Number of protein chains: 2
Amino acid sequence: MASPSSPDQAGADPWSDLLADNRSVLDRTSTAERVADALRQWIIDGRLRPGTRLSEHSAGKALGVSRNTLREAFRLLVHERLLVHEFHRGVFVRVLDADDVTDLYRTRRLLETGAIRAASDIPQERLAAISSAIAAAEEAAAEERWLDVGTANMRFHQAITALAGSPRADEIMQQLTAELRLAFHATSALRRFHEPYIELNRHIARLLTDGDLDAAAHALDEYLTTAQRQLLDAFT
Amino acid sequence: MASPSSPDQAGADPWSDLLADNRSVLDRTSTAERVADALRQWIIDGRLRPGTRLSEHSAGKALGVSRNTLREAFRLLVHERLLVHEFHRGVFVRVLDADDVTDLYRTRRLLETGAIRAASDIPQERLAAISSAIAAAEEAAAEERWLDVGTANMRFHQAITALAGSPRADEIMQQLTAELRLAFHATSALRRFHEPYIELNRHIARLLTDGDLDAAAHALDEYLTTAQRQLLDAFT
DNA sequence: CGGTAGCGAGTTGTTCAACAATCCGACAAG
DNA sequence: CTTGTCGGATTGTTGAACAACTCGCTACCG
């Protein structure tokens with residue numbers, strides 16, 4: 001149903017656009033991908049703790065999919081570094097070590113400060129996306145929903161990366177932030193880890209709207225350094 | 001066989017090193033990954049042209065693996081963007097468009113110039129890796145093996161990225177270069193595309209050894225701009 | 001007592017066969 | 001020339017089967 005048969009009612013122009021949108025939505029109905037989406041969300045939410053083993057048999061039965069399909073989903077998440085696959089031993093939710101955290105921040109610094117420096121003539125909508133993320137973080141903080149604060153905070157950094165205008169950079173950043181969640185959950189304990197950064201985010205956003213890219217990049221660099229140190233300290 | 005039971009023969013030290021090497025070789029013997037490696041190499045070499053369709057049945061029979069295993073390999077390469085998967089239609093060797101090329105260079109610029117700027121006190125071995133890549137390119141160029149020139153050229157850029165000292169950045173860069181091969185093969189025709197850049201690479205390497213990071217980053221930026229334009233032009 | 005060899009249960013790696021869902025080209029009808 | 005419709009071919013997904021492997025347990029031996 002909803003077939004493209006219903007014809008020339010009004011001689012409309014904007015057709016192929018609408019089609020392109022729906023295509024991407026309808027096409028992506030693969031069971032393996034949906035399973036991967038679910039698992040990813042569980043990991044990000046912390047419902048699956050790092051180190052947890054995911055047995056193919058039980059996980060497959062729990063999700064109602066076949067073992068083969070589940071394996072396809074596992075492959076996807078292994079490639080995203082959310083799971084690790086040990087040959088003949090199974091897949092586990094990844095547990096990050098200090099080196100991982102260090103590298104994660106190193107890469108983020110590369111991407112985010114690079115995105116700022118590469119940006120010139122920032123479009124209004126990109127600034128709006130940044131502000132929106134900060135506002136969401138503030139709102140969540142006011143209601144003490146710290147997990148959501150973390151999510152909004154990540155959205156802020158993704159919006160920063162988006163300044164580069166590069167789909168690939170965006171995707172890489174998305175993966176990095178998902179990975180970073182593993183670190184948060186590994187340390188756990190700190191529910192208020194994100195709070196102090198909201199104000200800093202505001203500051204950076206202000207520098208960006210003022211067009212002072214260099215100062216913004218510098219502030220972000222410092223931000224990342226202190227955040228990294230704080231996370232590493234919590235790692236004991 | 002080769003079990004760690006054989007004990008204290010000689011009080012040898014260099015054991016775990018040798019183990020770590022072989023472990024990575026022996027452990028990762030997954031059929032799917034080996035299939036993916038083979039396919040990846042074929043794509044990079046240009047033996048599988050962009051747009052080629054890979055039917056599960058025939059490809060599986062050709063490689064002597066089951067359909068399920070082949071699917072796992074496909075998933076891997078789809079995630080690396082070397083293949084595209086269209087639902088219920090099959091997998092194809094990816095064909096890049098102009099936007100892809102633009103974005104590829106945008107991301108490279110982010111990573112490579114960022115790596116240079118982030119580097120301070122470049123270790124000797126990293127400089128050696130860069131020089132080695134250039135030397136390999138010169139050698140291949142002298143013998144007119146242009147495909148190898150391209151490979152060496154990519155190695156140069158990977159060595160540049162390695163200045164950041166980030167495993168993740170390295171891996172991202174490796175993926176980007178593999179993807180870029182698709183563009184080269186899509187345009188084909190230009191066998192001498194890489195040649196003029198060897199000298200430029202030398203120039204950048206010299207700036208790096210002199211410690212003039214800013215100039216190096218700037219030169220690389222220009223390099224990428226012209227390379228991008230040239231590739232886009234060849235795209236017609 | 002310590003270590004080690006081997007057994008066995010459970011899990012993963014891989015293949016195979018089957019069926020449902022879907023795409024594609026061809027052919028017929030308007 | 002467009003629009004249904006049909007059938008073959010391919011993909012999506014499942015379930016079962018067997019081989020290969022890991023891990024904990026036990027019994028054996030020094």
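**Exercise 1. The interface.** Determine how many residues of chain A and of chain B are in contact, and which elements of chain A give two or more residues to that side.

*Solution.* Step 1: in this predicted model, 23 residues of chain A are in contact with 24 residues of chain B. Step 2: two or more residues each are given to this side of chain A by helix 4 (67-79), helix 5 (98-118) and helix 8. Step 3: helix 5 of chain A supplies the largest share, eight residues. Step 4: the interface residues of chain A are, at 100%, also interface residues in chain B, so the copies meet through the same surface.

**Exercise 2. The relation between the copies.** Find which turn and shift lay chain A on chain B, and name the relation.

*Solution.* Step 1: a turn of 180 degrees, with a shift of 0.0 Å along the axis, lays chain A on chain B with an RMSD of 0.0 Å. Step 2: this is the relation of a two-fold axis.

**Exercise 3. The make-up of chain A.** State how many helices and strands chain A has, and give their pattern along the sequence.

*Solution.* Step 1: chain A has ten helices and three strands. Step 2: their order along the sequence is α-α-β-α-α-β-β-α-α-α-α-α-α. Step 3: of the 236 residues in chain A, 33% are buried. Step 4: take the contacts in chain A between residues at least 6 apart in sequence; 71% of them join residues at least 24 apart.

**Exercise 4. The length of a helix.** Check the span of helix 7 (residues 146-161) of chain B against 1.5 Å a residue, then list its buried residues.

*Solution.* Step 1: helix 7 of chain B has 16 residues, and the expected span at 1.5 Å a residue is 22 Å. The expected value is 1.5 Å times one less than the number of residues. Step 2: the end C-alpha atoms of this helix are 23 Å apart, which agrees. Step 3: the buried residues of helix 7 of chain B are B:Val149, B:Gly150, B:Thr151, B:Ala152, B:Asn153, B:Met154, B:Phe156, B:His157, B:Ala159, B:Ile160 and B:Thr161.

**Exercise 5. Two helix pairs.** Classify the packing of helix 7 with helix 8 in chain A, and that of helix 5 with helix 7 in chain B.

*Solution.* Step 1: two packed helices are described by the angle between their axes and the distance between the axes. Step 2: in chain A, helix 7 (residues 146-161) and helix 8 (residues 167-187) pack at about 150 degrees, and their axes are 10 Å apart. Step 3: angles over 145 degrees count as roughly antiparallel, and helix 7 and helix 8 of chain A are therefore roughly antiparallel to each other. Step 4: the contact is made by A:Gly150, A:Met154, A:His157, A:Gln158 and A:Thr161 of helix 7 with A:Ala169, A:Asp170, A:Met173, A:Gln174, A:Thr177 and A:Phe184 of helix 8. Step 5: the crossing of helix 7 past helix 8 in chain A is right-handed.

Step 6: in chain B, helix 5 (residues 98-118) and helix 7 pack at an angle of about 50 degrees, with axes 8 Å apart. Step 7: that makes helix 5 of chain B oblique to helix 7 of chain B. Step 8: on helix 5 of chain B, B:Leu111, B:Glu112, B:Ala115 and B:Ile116 meet B:His157, B:Ile160 and B:Thr161 of helix 7.

**Exercise 6. One residue of helix 5.** Decide whether A:Ile116 counts as buried or exposed, and list the residues that A:Ile116 touches.

*Solution.* Step 1: A:Ile116 lies in helix 5 of chain A. Step 2: 20 or more other C-beta atoms within 10 Å make a residue buried; A:Ile116 has 25 such neighbours and so counts as buried. Step 3: leaving out residues up to four places away in sequence, A:Ile116 touches A:Ile160, A:Leu163, A:Leu213, A:Ala216, A:Ala217 and A:Leu220. Step 4: A:His79 is 37 residues from A:Ile116 along the chain, and their C-alpha atoms are separated by 28 Å.

**Exercise 7. Loop residues.** Locate A:His88, B:Arg81 and B:Pro196, and give the exposure of each.

*Solution.* Step 1: A:His88 is in the loop between strand 2 (83-86) and strand 3 (90-93) of chain A. With 6 other C-beta atoms within 10 Å, A:His88 is exposed. A:His88 is not a glycine, yet has a positive phi of about 65 degrees.

Step 2: B:Arg81 is in the loop between helix 4 (67-79) and strand 2 (83-86) of chain B. B:Arg81 has 18 C-beta neighbours inside 10 Å and counts as partly exposed. Its phi is also positive, near 70 degrees.

Step 3: B:Pro196 is in the loop between helix 8 (167-187) and helix 9 (197-209) of chain B. B:Pro196 has 11 C-beta neighbours inside 10 Å and counts as exposed. B:Pro196 and B:Ala227, 31 residues apart in sequence, are 10.0 Å apart from C-alpha to C-alpha.

Conventions
Residues numbered from 1 in each chain as written. Chains lettered and ligands numbered in written order. Predicted model: local features only at pLDDT ≥ 70, side-chain atom pairs only at ≥ 80, totals over all residues. Least-squares fit on C-alpha atoms with pLDDT ≥ 70 in both. Contact = placed C-beta atoms within 7 Å. Helix = DSSP H or I, 4+ residues; strand = E, 2+ residues; numbered from the N terminus. Buried ≥ 20, exposed ≤ 12 C-beta atoms within 10 Å, placed from the backbone. Axes fitted to C-alpha atoms, helices over the stretch in contact; angles between N-to-C directions. Parallel < 35°, antiparallel > 145°, perpendicular 65-115°, else oblique. Left-handed = near helix turned anticlockwise from the far one by under 90°.
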